Amino acid sequence: MALSASIFKAAVRIADMDRSHYGTYSLTLARHPSETDERMMARLLAFMCYADERLSFTKGLSETDEPDLWLHDMQGQVALWLETGTPTLRRIVSACRKAEKVVVFAYGRGVMQWWRKNGADFGKMGNLEVVCLPEALTDFMAARVHRSMQWQCLVQDGQMTVMDETDTFEWDWRGSVRLPARKAVP
């Protein structure tokens with residue numbers, strides 16, 4: 001018998017002063033049986049970084065032709081494709097063909113090895129940005145996973161403060177390691 005996804009609820013309040021975006025979101029995160037808490041929280045963090053009413057979670061690991069999150073423009077085209085982890089070069093090339101902008105939130109112990117293997121090829125893709133998530137941040141968020149969560153996110157001058165009910169983590173979101181350092185696509 002196949003295992004089903006575990007459902008988590010997250011109430012997220014965003015105050016992104018850098019983008020003048022403010023919102024409260026009631027999110028449902030379905031965690032695939034093979035997905036770790038760290039990966040699920042990296043997906044939530046990707047949402048916080050690009051929060052928008054049109055940004056949505058996809059079927060994730062259950063659907064190989066979709067990203068973890070995406071945002072469609074008014075014509076139905078993929079404007080933003082968000083991946084977490086260390087996807088294959090083939091997957092990233094495919095994503096860059098399908099979307100106006102692709103952002104990978106890389107995390108975990110194998111990030112630098114993944115980068116050494118693929119970085120030169122990634123540098124050829126003008127609509128790709130890779131953000132290396134600090135291990136301390138993904139550990140912080142993964143340690144606070146509950147079936148029902150409340151998070152707040154404040155972004156000001158490139159600094160992100162992520163808070164749950166009891167703890168706070170500050171992260172230099174705009175100054176974090178970005179591979180490759182390329183001009184952002186609007």
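This is a short dialogue on reading the sheet, the helices and one histidine in a predicted model.

Trainee: Let us start with the sheet. In what order do the strands of the open sheet lie?

Mentor: General idea. Strands of a sheet pair through backbone hydrogen bonds, either parallel or antiparallel. Here five strands form an open sheet in the order 2-1-8-9-10, and the pairing is mixed. Strand 2 and strand 10 (168-172) are at the edges; each has a single partner strand, so one side of each lacks a neighbour in the sheet. From one strand to the next, the twist averages 20°.

Trainee: How many bridges join strand 9 to strand 10?

Mentor: Five bridges join strand 9 (residues 159-163) to strand 10, and the two run antiparallel. Look at Met163: Thr168 in strand 10 stands opposite.

Trainee: Which strands does helix 1 touch?

Mentor: Helix 1 (residues 37-49) packs on the sheet and touches strand 1 (6-16), strand 2, strand 8 (148-156), strand 9 and strand 10. Its direction makes about 155° with that of strand 2. Helix 4 (residues 135-142) lies across strand 8, strand 9 and strand 10, and runs at about 150° to strand 10.

Trainee: How many residues of helix 1 are buried?

Mentor: Twelve of its 13 residues are buried, so read helix 1 as mostly covered. Among them are Arg39, Met41, Leu45 and Phe47.

Trainee: What span should helix 1 have?

Mentor: Take 1.5 Å a residue: the 13 residues should span 18 Å. The end C-alpha atoms of helix 1 are 18 Å apart, which agrees.

Trainee: Now helix 2. Which of its residues are buried?

Mentor: General idea. An α-helix has 3.6 residues a turn, so residues three or four places apart point the same way. In helix 2 (residues 89-98), the buried residues are Ile92, Ala95 and Cys96. They cover an arc of only 100° around the axis, which puts them on the same side of helix 2. The face turned away from that buried side carries the exposed residues Arg90 and Arg97.

Trainee: What covers the buried residues of helix 2?

Mentor: The cover includes strand 5 (78-84), strand 6 (99-106), helix 3 (111-122) and strand 7 (128-132).

Trainee: One residue to finish. Is His21 buried or exposed?

Mentor: Read its relative accessible area. For His21 the value is 10%, and buried means under 20%. So His21 is buried. His21 lies in strand 2 (residues 21-31).

Trainee: What is His21 in contact with, leaving aside its neighbours within four places in sequence?

Mentor: Those contacts are Ile14, Ala15, Asp16, Ala51, Asp52 and Glu53. In addition, a polar contact of 2.5 Å joins the side chains of His21 and Tyr25.

Conventions:
Residues are numbered from 1 along each chain as its sequence is written. This is a predicted model: local features need pLDDT of at least 70, side-chain atom pairs count only at pLDDT 80 or more; totals for chains, interfaces and linings use all residues. Side-chain values use heavy atoms; hydrogens and water are left out. Helices (H or I, at least four residues) and strands (E, at least two) are DSSP runs, numbered from the N terminus. Buried means under 20% relative accessible area, exposed over 50%, partly exposed in between (1.4 Å probe, protein chains only). A polar contact is a pair of N or O atoms within 3.5 Å; within protein, one must be able to donate a hydrogen and the other to accept it, and residues adjacent in sequence count only if both atoms are side-chain atoms. Contact means heavy atoms within 4.5 Å. The arc is that of the directions from the helix axis to the C-beta atoms. Two strands pair if DSSP finds at least two bridges between them. Axes are lines fitted to C-alpha atoms, for helices over the stretch in contact, and angles run from 0 to 180 degrees between N-to-C directions. The expected span of a helix is 1.5 Å times one less than its number of residues.
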